[in-house]
Amino acid sequence: MNKKNIFYIKDSKLMLATRDIARHIFRNALKKSATCISFDNSSFTSRSFLDEMYVLCTKNNLQIIDMSEELKPLYNIIIKSHKQNKVYAPMLKIQKLEKTFA
Amino acid sequence: MESLINPTKNLFSILNQSDKLIDLSNIKWLYPIEILPLAALISENNLRYQYPLDTKCKEYLKYFKFPKGLQKYTKNSFYCLPIYNFSASMKNISSLQTKSEIISNLIDVFAKNIGSPKGAINALSLAIDEIISNIEDHSEALRGWIHGQHYPNKKFLDVCILDRGITIKGCYQKNGRKIFEDKDALIKALQGESSKPEKIRGTGLRTFIEIILGAFGGEVIIISGNAIFYSSKKTKPIIKNLSIRWQGTIIAFRIPKMTKNIDYTKYIA
């Protein structure tokens, strides 16, 4: 793979949080004709950011690379969720009470 | 750790007594769950307000930039995140940078005061982001509001994030769902039913709650319209009605000082 086609996410100097920031970074990667988006040196990100980035990259045939060991479990859940079209999230049991809180 | 319940009740007591004037003259102490909704209400509805007579409380409020808050990131102390009101709708680089810096500042406040055992920063950033993303993607509010404070003597961190948008019920209704009660909408959102057509969305609030309760042993309050959700490590999740409707959604959480490492993967699926 040609190295100059890698877009390094760390160069954006933005927190890897929120879908809007993911869209912005992705647009910049496209402007630079990137074929890969590198998560090199990114030790934390959010689910929304990573989910949005995964969807955009998949739709536009860009590859996500250099995912750290710390982020891999989150990334794997996102991939699994999209491939199986199934939500992976904790289950909550909630009690609905008729009493007014305040 | 003290509970968020009393300050939340106090917030509604202040709102109950307020019409066009928010009277804080007898107030001596306010937590973010009280400060931020009042700040947003005063600023977005152009309400008049009366500062507390208690000088210390008044100075604190001014220090946090009550009520208007900051719109641009300003380097601040590591003990608090002043009131920020950020753009929830603008997608330009300056707005994104501001949002990025606010989140980064909040994580610094957390790491310096609450501790940063392995995995904690990742877990916190996951939790906060779920809420800010919800404001961006679902609330239709123009502005989002955030404020956080660390209490060194009480050894906990309080954060409140809110919007004055269409509420969770409004969001479902806009997407064609026949949900008429705020309480039902909040339950659906917490049980993971996405308001968006994409089937695999709707993980946000559940992940947020699981991280705050499970990973941090904290406490969570979510208010949307006239419904309130409460849960803590000791109390099972409950939903009740409120006597006053909040136009929008308020999320508040309290987390104690951390020493244990966190495996965030245990709380995301």
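**Figure 1. A:E69 is an exposed partner in a salt bridge of this predicted model**. A:E69 has a relative accessible area of 61%, so it counts as exposed. Its side chain meets that of A:K72 in a salt bridge, with N to O at 2.9 Å. A:K72 is partly exposed, at 33% relative accessibility.

**Figure 2. A salt bridge links helices α1 and α2 of chain A**. The side chains of A:E52 and A:R23 meet here, 3.1 Å from N to O. A:E52 sits in helix α2 (residues 47–59), and A:R23 sits in helix α1. The two are 29 residues apart, and the pair links distant parts of the chain. A:E52 is buried, with 10% relative accessibility. A:R23 is partly exposed, at 23%.

**Figure 3. A salt bridge joins chains A and B**. B:K99 pairs with A:D20, and their closest N and O atoms are 3.9 Å apart. B:K99 belongs to helix α4 (residues 93–113) of chain B, whereas A:D20 belongs to helix α1 (residues 19–31) of chain A, so the contact crosses from one chain to the other. B:K99 is buried, with 1% relative accessibility. A:D20 is buried too, with a relative accessible area of 3%.

**Figure 4. Salt bridges form a network that includes residues of both chains**. From chain A come A:R19, A:D20, A:R23, A:D51 and A:E52. From chain B come B:K91, B:K99, B:E136 and B:D137. The pair A:E52 and A:R23 meets in a salt bridge, and B:K99 forms one with A:D20. Over all chains, the structure holds 17 salt bridges.

**Figure 5. Chain A combines helices and strands in a spread-out fold**. It has 3 helices and 4 strands. From the N terminus, the order is β-α-β-α-β-α-β. The radius of gyration is 17 Å, well over the 13 Å that the globule rule gives for 102 residues, so chain A is more spread out than a compact globule. Its C-alpha trace spans about 65 × 30 × 25 Å along the principal axes. Among contacts between residues at least 6 apart in sequence, 76% join residues at least 24 apart.

**Figure 6. Surface and charge of chain A**. The accessible surface comes to about 5,500 Å², and carbon and sulfur atoms account for 49% of it. Of the 102 residues, 52% are buried. Chain A carries 18 positive and 9 negative side chains. The centres of these two sets lie 4 Å apart.

Methods
Residues are numbered from 1 along each chain as its sequence is written. Chains are lettered from A and ligands numbered from 1 in the order in which they are written. This is a predicted model: local features need pLDDT of at least 70, side-chain atom pairs count only at pLDDT 80 or more; totals for chains, interfaces and linings use all residues. Side-chain values use heavy atoms; hydrogens and water are left out. The radius of gyration is taken over C-alpha atoms; the globule rule is 2.2 Å times the number of residues to the power 0.38. Buried means under 20% relative accessible area, exposed over 50%, partly exposed in between (1.4 Å probe, protein chains only). Contact means heavy atoms within 4.5 Å. Accessible areas come from the Shrake-Rupley method with a 1.4 Å probe; for residues, only the protein chains shown count as cover. Lys and Arg count as positive and Asp and Glu as negative; His and the chain ends are not counted. The place of a charge is taken as NZ of Lys, CZ of Arg, CG of Asp or CD of Glu. A salt bridge is a side-chain nitrogen of Lys or Arg within 4 Å of a carboxyl oxygen of Asp or Glu.
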